[in-house]
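I opened this notebook page to record how the chains are related and where charged side chains pair. The entries follow the order in which I looked things up.

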6 protein chains.
Amino acid sequence: MQELISKVVKEISDTCCREEIFLRGPKRQMPQRDQIILLIEELRKVMFPGYFSDESDDYFLGHTLNRIWNMLYAQLKLAFSYGNPDADEVKARAQQVCGEFFAQIPEIQRMLVKDVEAEFEGDPAAQSRAEVIFSYPGLFAIFVYRVAHELYQKKVPFIPRIMTEYAHSLTGIDINAGAQIGEYFFIDHGTGIVIGETTEIGAHVKLYQGVTLGALSTRNGQMLSGKKRHPTIEDNVTIYANATILGGDTVIGEGAVIGGNTFITWPVPKNARITRDMVPPKNNCEK
Amino acid sequence: MQELISKVVKEISDTCCREEIFLRGPKRQMPQRDQIILLIEELRKVMFPGYFSDESDDYFLGHTLNRIWNMLYAQLKLAFSYGNPDADEVKARAQQVCGEFFAQIPEIQRMLVKDVEAEFEGDPAAQSRAEVIFSYPGLFAIFVYRVAHELYQKKVPFIPRIMTEYAHSLTGIDINAGAQIGEYFFIDHGTGIVIGETTEIGAHVKLYQGVTLGALSTRNGQMLSGKKRHPTIEDNVTIYANATILGGDTVIGEGAVIGGNTFITWPVPKNARITRDMVPPKNNCEK
Amino acid sequence: MQELISKVVKEISDTCCREEIFLRGPKRQMPQRDQIILLIEELRKVMFPGYFSDESDDYFLGHTLNRIWNMLYAQLKLAFSYGNPDADEVKARAQQVCGEFFAQIPEIQRMLVKDVEAEFEGDPAAQSRAEVIFSYPGLFAIFVYRVAHELYQKKVPFIPRIMTEYAHSLTGIDINAGAQIGEYFFIDHGTGIVIGETTEIGAHVKLYQGVTLGALSTRNGQMLSGKKRHPTIEDNVTIYANATILGGDTVIGEGAVIGGNTFITWPVPKNARITRDMVPPKNNCEK
Amino acid sequence: MQELISKVVKEISDTCCREEIFLRGPKRQMPQRDQIILLIEELRKVMFPGYFSDESDDYFLGHTLNRIWNMLYAQLKLAFSYGNPDADEVKARAQQVCGEFFAQIPEIQRMLVKDVEAEFEGDPAAQSRAEVIFSYPGLFAIFVYRVAHELYQKKVPFIPRIMTEYAHSLTGIDINAGAQIGEYFFIDHGTGIVIGETTEIGAHVKLYQGVTLGALSTRNGQMLSGKKRHPTIEDNVTIYANATILGGDTVIGEGAVIGGNTFITWPVPKNARITRDMVPPKNNCEK
Amino acid sequence: MQELISKVVKEISDTCCREEIFLRGPKRQMPQRDQIILLIEELRKVMFPGYFSDESDDYFLGHTLNRIWNMLYAQLKLAFSYGNPDADEVKARAQQVCGEFFAQIPEIQRMLVKDVEAEFEGDPAAQSRAEVIFSYPGLFAIFVYRVAHELYQKKVPFIPRIMTEYAHSLTGIDINAGAQIGEYFFIDHGTGIVIGETTEIGAHVKLYQGVTLGALSTRNGQMLSGKKRHPTIEDNVTIYANATILGGDTVIGEGAVIGGNTFITWPVPKNARITRDMVPPKNNCEK
Amino acid sequence: MQELISKVVKEISDTCCREEIFLRGPKRQMPQRDQIILLIEELRKVMFPGYFSDESDDYFLGHTLNRIWNMLYAQLKLAFSYGNPDADEVKARAQQVCGEFFAQIPEIQRMLVKDVEAEFEGDPAAQSRAEVIFSYPGLFAIFVYRVAHELYQKKVPFIPRIMTEYAHSLTGIDINAGAQIGEYFFIDHGTGIVIGETTEIGAHVKLYQGVTLGALSTRNGQMLSGKKRHPTIEDNVTIYANATILGGDTVIGEGAVIGGNTFITWPVPKNARITRDMVPPKNNCEK
């Protein structure tokens, strides 16, 4: 057994020397996934006082915000130091982003209050707003998205993705931190929802499980990076379960209703009602 | 930094005063999610003796049931005290529901034995009944549902939803605790399954991943609360992957087979075989 | 309360005596799920040095491989002892499989390096290979599958399934450990993907969320055990979101592109582009 | 083995029925040792801000005091409910003692600042006041005593003893919570020190390891309960290592110095210097 | 740094090869200290039902005894396998000792009930028997000794010493598991007490802090192994604080009272009262 | 309650402002006690391979030494940064001390091998050298002292004291890290032993419980700092239980035997045998 293990160590070691993707030696360090998850959990206590902690007074809020600041600052330093050897610059950026993020916290909370309202109003099975806050996966995914989006906008590497993948893992809802989503956002059940990086979503939009807001094709992979390739959903649109809407030019007009199991790759006019049997305006499918 | 945190505390505090949904002060306390999860894990040891614990004799069963009683009683008190200031009444209800739930445990176990049989018989990849019990997400979701349903019937707030969302998070299977599901229930793979609150399901029913048993529309949200809005699935029905069946009047007749990726919003007669290319009896889509 | 608990203990005890599926007494012991998860987590540190641990030098690799050996050996003994009372034979098999598995570790790592490349190249939203390794659920599911597949091939009971269900639970991607999957495998988003036990997948294949590679029907359940009943996907095939491909005779030819939300139960020729509106060659649906 | 265990259960059960000292059934519950230890650790963070926690601002202090209040209140209820079936009275007493204790916290802190000064000034090996606060067992024992003494004075059962035994276990210093100890108290090394329940100690007193301030005899055990049976030590007394001073009438006068390994059972005048070879004024030894 | 560590590894490795006391390779394994401590903690719950656990009914006792059996059996196998390569013999001995120990548990409990009585009666500061059970270090040390002594008598290696050193660490009371101690044993405060391996103590004996019952000299070290070299204390003897009693021929006669800080190396007659100023019968000091 | 807590926060805050000993704000941070304890526990695994860990091969040693390096470096930075605002200088010192300490590890281990030999040879109750390593508090205290002494010599603040106080807490043996102790050091039982900062001890010295090697007086406290004020013990000296030896001029000559409960404040010639009844050469007691 010892010989075998020595042999495996040697082979892995060799592979690591050959492949530049591995991080050996003390030079590089990744952000810590468990700390980022903890940060999300602590933020939730602050965003929804009284739901995820026994205490909720100002001492608790201030103490928890202090903890969040320290955790976020530490993780930002790790994230920014990836590929940046200038320790002072890294600290300065981490400090600045931390401050900007904190300044946004009250606004994020105000958005979340509206999302709670949308979730409660939209779901006949919801027995109270408290139940929505306490146990709805849709609201959790939106909360994590709204936090991650702030950091995505500030060009923080790794952390927004770690956050949204945490929500994805718990809820099956995969919202890219780059998406832009308006207020009163509603998600029901949610498993299988995919919202791509360049998606734009207006206010009062409702999404059900299995909805994909994706790219028509990702044939060219990395060459598409940064291009608008996901749809635009205007205000008051409802998209029922398992609908697939693809493409950067696909705009779903204000007030439209997209039926379940539809497959849309063309623009939909305002207030349209799209059902499964409809023929698309022209045969516009993925390349 | 300290000034910024003080400012954030103040703004959050102000929002909490304005918005009645937040729970500040010592008046209200939510059930504890981690305790409810622990309760589920302990119940699983009792329901499937020998699988999730090294011990399985009567001492172990009795000891574990004692622990479950105490955990359940504590959580029921928290749940019932939401919006009810009468501590004695809360205790009495918690006591009563605890007793009624315990009286049902042997029956739930008998149901689960049948579900195991259905899972094993239905899946060619299953190597043994033990493997089904030990690692099948479908069985786990059914187990949690059967427990949560008992509490839902007794009008316990919060706890049934917390339970089923726990299973939802682990399995991607979202069964509302209000659904009524018969014996020998079979779920394969399961990710993306949604079973709505007023769904009725008979015996020997099989469901594959991505199946939605949902409402035609939830346009009126909270106004639909309590109404029958999800389908009825009769005995011996099989529903293949990603089928969508919607509506409170939609009855799938005994022995019917619903093909994969179908979209059904109308009643299906007994023993019918529905495939993807079939035209619905009349154009009946969601409003 | 004590009386009720005694009554419940008695009834459960009776059920356990009647139903042979329960494991009472000291005779049988299941593998330990938490140990198998830990083993996966430790293996990930070895496969991707520097990403999931602060250390990555040879001491760390050797030490971690020692731990993995001990954990795997212990779990293999538990798994092989299920239904095998010969302790010496069990030890010998566990020892042998342990050795064979370790000899494969470097090869598995080489495969994973290629999978990382495929994930990065295929996703415009990926900012770096590091981000792929660190937070992409698709890569995690592939990693777990590649490990579990080695043990499946050696006919280890329980453990491969526990491993893939762990990945399934975290990612919503359900790859049966029996499937055969070539190099440069790409999965995007992933929630809802199902890859059946007898599926064969070539090199450079891309899969999006919600894709099912399943059996046409499992009507005969256990009688189909071991039969080829899932499709074959040749090299360079791309399968877009929510496509369903069913049947053991269904071969998707090299270079084909399967559009989103399609439903395929017939062979697809090389380089074909299948879209949602196409009529199948003959009406071939599940039995 | 099962038979043997059943037999042991039965015998223990029988003993429990015979012996009234055991607490069976749900009627009685003891305070929780781990919670009381946690309370001590949290209080230490408040008493010495910045030493045992990274934070020390007002948010932290307020939050920690809230936690301490809740822990103390819960434990006081458990302690007072021992032998008192009146739940409302128990709550009222717990509430009152909690309030009185909190009102004393600032005064306890002021005493501890003086004790730190005494420890630092008295020990040539102390490199800083910070070292004294951070790692001197003597200071820890004094801190715990000062906290426990407040609760002893309010006639709280169990908790003061649990606190001082915790310090005793960690430091080898056994100070009964009933002792009365003045300001600027100094303990060096400390192992083996015993300070009895009715001891009175003035200000600026120094004690070294192994000093006993005890009763002449405890021949009559419980009959002596409440009687003054331990010595009185006046201001500015120094007592060197392993000195034994016994008896309720034994007063060590102001400024006296008691040499190491002495055995004193008679009053010592002010400013006296007692060494090991001195003959006691009259042959006064323990009965 | 890496070079230095490699150098240290090499030197330690060399030392380990030279010195036979180190246990390298997979051949030998020590009992697990944390498991033995857990075993003691679990046994305490059984010995004093209702004090160290919320539950105390027969289910709890049986379940806990099952756990204790498994833990003890595992540790006995590790202990007996030290220097014994015959696995079957090791198992048989472990099995036998386990059974014999369990058969003694009720008798140990009966002894402890008497010890509680002695502690309560002897200490004026004790407010209740419950306080004695719950927080007296003397009783804890006696409990651990009585358990360890059973295993010492069965010639179990390592485990008795690990147990008594655990108590020693927590209480400062060092009772060798080989000592023989009668019923109604009383220890007050306890720090610094040493009771040697061949000490014999009768019933109703009282010991205070700092008492040594030791060997006159251990000049010849290992050559004295197994010889009677510690004193014999007859029934109803009281020994006050810091008394030192040495030698295998030193018998303290029934009912004698040994004063504090005395130094005794000669036999003391029945009912004698020994004080500090007494001249020994002949000048008999340690060699 | 909220008012009271606010009042307490304010008063503590005020005291903190007044008293300079408290560390408020983000400026200062103490070494972390739990990390230093962990470091000690990890070092023990390296010093005694095979006793405190299942593994003991070179991978394990190298991996553990890496962890120890990182932990030590982090704590050294915290310790050196106390009162030193120059971050680069702090890092450089931490780096240097870390390297020097590691270079000493093999020598420390060689010393410990000799201490084990002395412990085993000296104690008739020791059943094996393994038992000494595994469970003797004396050896543990010596091990911790030898580690802490290295750091004391390098003028590391806080950490040596935290280490020796950890051993003191577990064993009741208080060895100041500044003491100089030769090879083959033997401690039996140990509770109550105090060895002062400027003590010098030769080779093959034996100490029993309760021995004090202390200062004659510490009347002048901090003014004595750094002065030789504790005794010198030459080679092959044996000091029996509870002996007290005081003073910087007190030299115990080679081969001397100091009887139990003696009190020595004057030089003792080579090979002398001091017993309790001896009159000191001149009446030389503590000042």
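What follows are my entries on chain symmetry and salt bridges in this predicted model.

**Entry 1, chain relation.** I superposed chain E on chain F and found that a turn of 120° with a shift of 0.0 Å along the axis lays one on the other at an RMSD of 0.0 Å, which is the relation of a three-fold axis. I then looked at the interfaces and noted that only 8% of the interface residues of chain E are also interface residues in chain F, so the copies meet through different surfaces.

**Entry 2, salt bridges overall.** I found 96 salt bridges over all chains, and I noted one network that links A:Lys7, A:Glu11, C:Glu107 and C:Arg110.

**Entry 3, a pair within one helix.** I looked up D:Arg161 and D:Glu165, whose closest N and O atoms are 2.8 Å apart in a salt bridge. Both belong to helix H7 (residues 159-171) of chain D and, being four residues apart, are separated by about one helical turn. D:Arg161 counts as buried at 12% relative accessibility, and D:Glu165 is buried at 7%.

**Entry 4, a pair between helices.** In chain F, I found F:Arg129 in a salt bridge with F:Glu117, with 2.8 Å between the closest N and O atoms. F:Arg129 lies in helix H5 (residues 129-135) and F:Glu117 in helix H4 (residues 87-122), so the pair ties together parts 12 residues apart in sequence. I recorded F:Arg129 as partly exposed at 26% relative accessibility, and F:Glu117 as partly exposed with a relative accessible area of 26%.

Notes. Residues are numbered from 1 along each chain as its sequence is written. Chains are lettered from A and ligands numbered from 1 in the order in which they are written. This is a predicted model: local features need pLDDT of at least 70, side-chain atom pairs count only at pLDDT 80 or more; totals for chains, interfaces and linings use all residues. Side-chain values use heavy atoms; hydrogens and water are left out. Copies are superposed by least squares on the C-alpha atoms of residues with pLDDT of at least 70 in both. Contact means heavy atoms within 4.5 Å. A salt bridge is a side-chain nitrogen of Lys or Arg within 4 Å of a carboxyl oxygen of Asp or Glu. Helices (H or I, at least four residues) and strands (E, at least two) are DSSP runs, numbered from the N terminus. Buried means under 20% relative accessible area, exposed over 50%, partly exposed in between (1.4 Å probe, protein chains only).
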